[in-house]
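This report describes how the parts of one structure meet. The reader is asked to keep the sequence and the coordinates at hand.

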Amino acid sequence: MKNTVQSILVALVMSAAAVFSPPAGAAGELKLWNWFEYMPQQLLDKFSAEHDVKVTLDTYDSNETLLAKLKSGVRGYDVAVPGDYMVAILIQEGFLEKINANRLSNFRHVDPKWADVSFDPGRKYSVPYQWGSTAFSVDTSVYGGDIDTLAILFDPPPQLRGKINMLRDVNDVLNAGLRYLGHPRCNSNRAQLAELNDLLVGAKKHWLSFNSDGAKEVLVSGDAAVGMIWNGFGMKARAERASLKYAYPREGYTAWMDNLVVLKGAPNVENAKLFLNFMMAPENAAVLTNFAKYSAGVKGVEPYLDADLSAANELNPPAAAPAGEFVPACPPEVVKLYDRIWTNLLK
Amino acid sequence: MTRARLLLLSPTLAMIGFFLLLPVALMAVYSFLSPGTYGGVEWLLSFDAYIQFFFERDFLTDELVFHTSYLSIYFRSFVQALAATVICLLIGFPTAYFIATRPPATRSAWVLLVTVPYWVNLLIRTVSMLFVIRDEGPLNGALTAVGIVDAPLRIAYTDFAIALGLVYSYLPFMVLPIYAAIERFDFSLMEAACDLYAGRWTILRRIILPTVKPGVVAGCLLVFIPSLGAYIAPDLLGGGKNLMIGNLVALQFQGSRNWPFGAAAAVLLLSVVLVALTVLARRRALSSAGN
Amino acid sequence: MKKSKPLSAYPGFSQVTWLCMALLYAPILVVAVYSFNAIRSITTWGGFSLAWYAKAFANPHIQAATINSLVVAVTASAAATVIATAAALALARGRGFRGRGGVFVLINLPLMIPEIVTAVAMLIFFLAVGFQLGLLTVIIAHTVFCVPFAYLPIAARLSGIETFYEDAAQDLYADRWRSFRFVLLPMMMPGIFAGLMLAFIISLDDFIITNMVTGPGTTTLPLAIYGMVRVGFSPEINAISTIMLLVSVFFVSLSYLVGRRRT
């Protein structure tokens, strides 16, 4: 008995010691913090092999979660992937390392229209990752009517009631509501926000859930027949359930760009810069686009892209659809009002 | 001896005192601070976190208006926890009774059968429940195949799903203490009652139930308390729409970024639980004094 | 006594018991069965296959999470067992002392405070005192909530050992350390082992607290599973879940068997 116990204890301690000792082989480390299901393993493996770096990946599910964690003092990550307006906030809050991203060697591949952007003038902090739109997908086997309107979300036809998933994202939901009401985004007009509040609270009874990371799954499983979703994720959903269709609401929808940034105080700044540069190589950006199904921010990816992307409805808005709208970072007093509406809605 | 004892206890005192008691105290302090803009706190004394439970500022006039939406989350959590407790009792009592009246040899096998699920990962059990009850999951598949229902029953992402998840999570907590109480019951009392022409159900109500009441109360509290603070079941089975207290607390530290409010919500939850535990402890003390 | 048997049986109770067992076991059995499904479907059976297990084992995120989980569980359960053993010795031996009740409450505090409260309190604390969230904070948190689970079987075992064994040893001129090391400790071993096993599973299973105090690169297996479930249901999850189920059942049974063993 005693010997068994002792040998098990010894084995446990030894295995702990073995695991604790640094892994042999990889010379460096890179700690990546990205959205869920947004990074193909293939690219991580390739980067690991090319630069002899051990890469670890953790995920988050909204820009706000990223900001909340940074604000609460979470440190130790090297690279994160904030959206456009969030880059501006992170720069302002001093969370980003100024790496003069535009001087990285592969920056020459960046599409000129993304080479200088309002949320990071001169691209001192960030490089393009992917860009796309946020609207919603509808299961056309459940509802055959016109889907290109935000009424699907806020005043749904009877077939769709109780089968709607909203993104768990304050800006995406509130901005869609403001568009439906015809009010401007980043709005601090109290009367209009009160109207928005009423609209959302009234529509909530038709909604099934608030879910971002499960946005594809609820549609594919049939639990929801309408789901707010990002275009690439919507295309992935359609691959698993062919009756889904991505809508382009005529009231407008959000366009966004996610960007790679190096976090202030990153333990591995040099590896982080190597990674940013690596991701701007067209052949790598194309692997990412093939996986995530959004558009790349660099030129020269076309030869490497999967055939189905060029014809996909999700990546090619019809001529009649309005252009997607980039919503800038809202001023702090608007953020506070948005938070109040959002908390009120979720409770 | 005392020094040796202190030495032996010091790791416990250090570990739990420093890494649990102190954090809980700090959390209570945080509930009286002001929230930072994107999360965190500012060291300014404020009672807003507690006021927020009952009042909100009107959008147009900024006046404080009474509202019930947070209270309703607490109320909902109570109702859910209560429902779970009642269902657990209805299933748990007969089960415990049945097991306690088995021959001693098979009894311990039954007890092990009830115990094992408790030790199985709660997350995985909840996930498997979700898996089973989804619209296109095996349960609905079976129901439609047999023809009991035409269209899949909406079970997932409802309050019922949450209650089901809670029952599934904490059912063993109900069975085990009741079983322990019934096992000690002297069944010759039953014979005596029967000789006095008492019916079966009268015996159950008038003799068995009063005797095993401490076990029943313990079981109910052991289900009710964790249900009240549940996080995983409402999160996964409720679709993130039907919040319970646990989710409200977590939300303040993740998306909504109001730490003082989250801390205050946690303090209130903790207070309720501690009161319930005190009741349990006093009942235990009373019943052991009675014996 | 024999006469009372049929009398003590209530109609319907056995059916409810079977319902109870079905409720407890059906969902996990369904998951276990579907982990061997050859096709992706969760409703139709496409034949037996180990493909999802192969896929799960090859998944680098699951590999990394498994290693994290093992490191945390081994370290935290060992630390908690040492702490709990010391505490059990202090509480079980000798007469009552002032503050005994308080210490008892302290040991069981992690069981009494709702997990979500522990989780946010620890998060606030770690960030306030400037701990970087990561492996260390996860291990500290796990050690704290593992203590009562390790304590229970150890204390139960200790209370069953009469003091005359140690007294006898001391009569034979063994000093206090030797009487502990060669008499008491071996007799306590089954309890300590049972406690270690329980602490190990409890650590391996934790989600809520880990989720709050985790840091870069310290995703544990339950966190990885949660992430996968949120994103989409894959039979891979069934496969990992089934393995974790078996691990839990194995350790509980081990703990149960060893803890019951008589010296």
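A salt bridge is taken here as a side-chain nitrogen of Lys or Arg within 4 Å of a carboxyl oxygen of Asp or Glu. By that rule, zero salt bridges cross the interface of chain C and chain A.

The model is predicted: local features need pLDDT of at least 70, side-chain atom pairs count only at pLDDT 80 or more, and totals for chains, interfaces and linings use all residues. Residues are numbered from 1 along each chain as its sequence is written, chains are lettered from A and ligands numbered from 1 in the order in which they are written, and side-chain values use heavy atoms, with hydrogens and water left out.

**Interfaces in summary**

The size of an interface is often given as the accessible area lost when the parts come together. Buried area is the accessible area (1.4 Å probe) that two parts lose on being put together, summed over both.

| Interface | Buried area | Share on carbon and sulfur atoms |
|---|---|---|
| Domain 1 of chain A and domain 2 of chain A | about 1500 Å² | 61% |
| Chain C and chain A | about 2400 Å² | 68% |
| Chain B and chain C | about 7900 Å² | 82% |

**Chain C and chain A**

Contact (heavy atoms within 4.5 Å) joins 26 residues of chain C to 26 residues of chain A. About 2400 Å² is buried between these two chains; C:Pro216, C:Arg230 and C:Val231 supply 26% of the area that chain C buries against chain A, more than any other three residues.

A polar contact is a pair of N or O atoms within 3.5 Å; within protein, one must be able to donate a hydrogen and the other to accept it, and residues adjacent in sequence count only if both atoms are side-chain atoms. Between chain C and chain A there are four residue pairs in polar contact (both at pLDDT 80 or more).

Helices (H or I, at least four residues) are DSSP runs, numbered from the N terminus. On the side of chain C that touches chain A, at least two residues each come from helix 4 (60-92), helix 7 (135-159), helix 9 (176-205) and helix 11 (221-231) of chain C. Helix 4 of chain C gives the most to that side, with six residues. Ala, Val, Leu, Ile, Met, Phe, Trp, Tyr, Cys and Pro count as nonpolar, Asp, Glu, Lys and Arg as charged, and the others, Gly among them, as polar. The side of chain C that touches chain A thus holds 15 nonpolar, nine polar and two charged residues.

**Chain B and chain C**

Here 81 residues from chain B and 87 residues from chain C take part in the contact. The rule finds zero salt bridges across the interface of chain B and chain C, but six residue pairs in polar contact (both at pLDDT 80 or more). Helix 1 (residues 2-30) of chain B gives 19 residues, the most, to the side of chain B that touches chain C. That side is made up of 64 nonpolar, ten polar and seven charged residues.

**The two domains of chain A**

An automatic or database domain assignment sets the bounds, giving domain 1 (26-131 + 257-310) and domain 2 (134-255 + 320-346) of chain A. Their C-alpha centres lie 26 Å apart, and the contact takes 17 residues from domain 1 of chain A and 18 residues from domain 2 of chain A.

Two salt bridges are found across this domain interface, together with five residue pairs in polar contact (both at pLDDT 80 or more). Helix 4 (84-92), helix 12 (282-292) and helix 13 (307-311) of chain A each give two or more residues to the side of domain 1 that touches domain 2. The largest share of that side, three residues, comes from helix 4 of chain A. Its residues divide into ten nonpolar, one polar and six charged.
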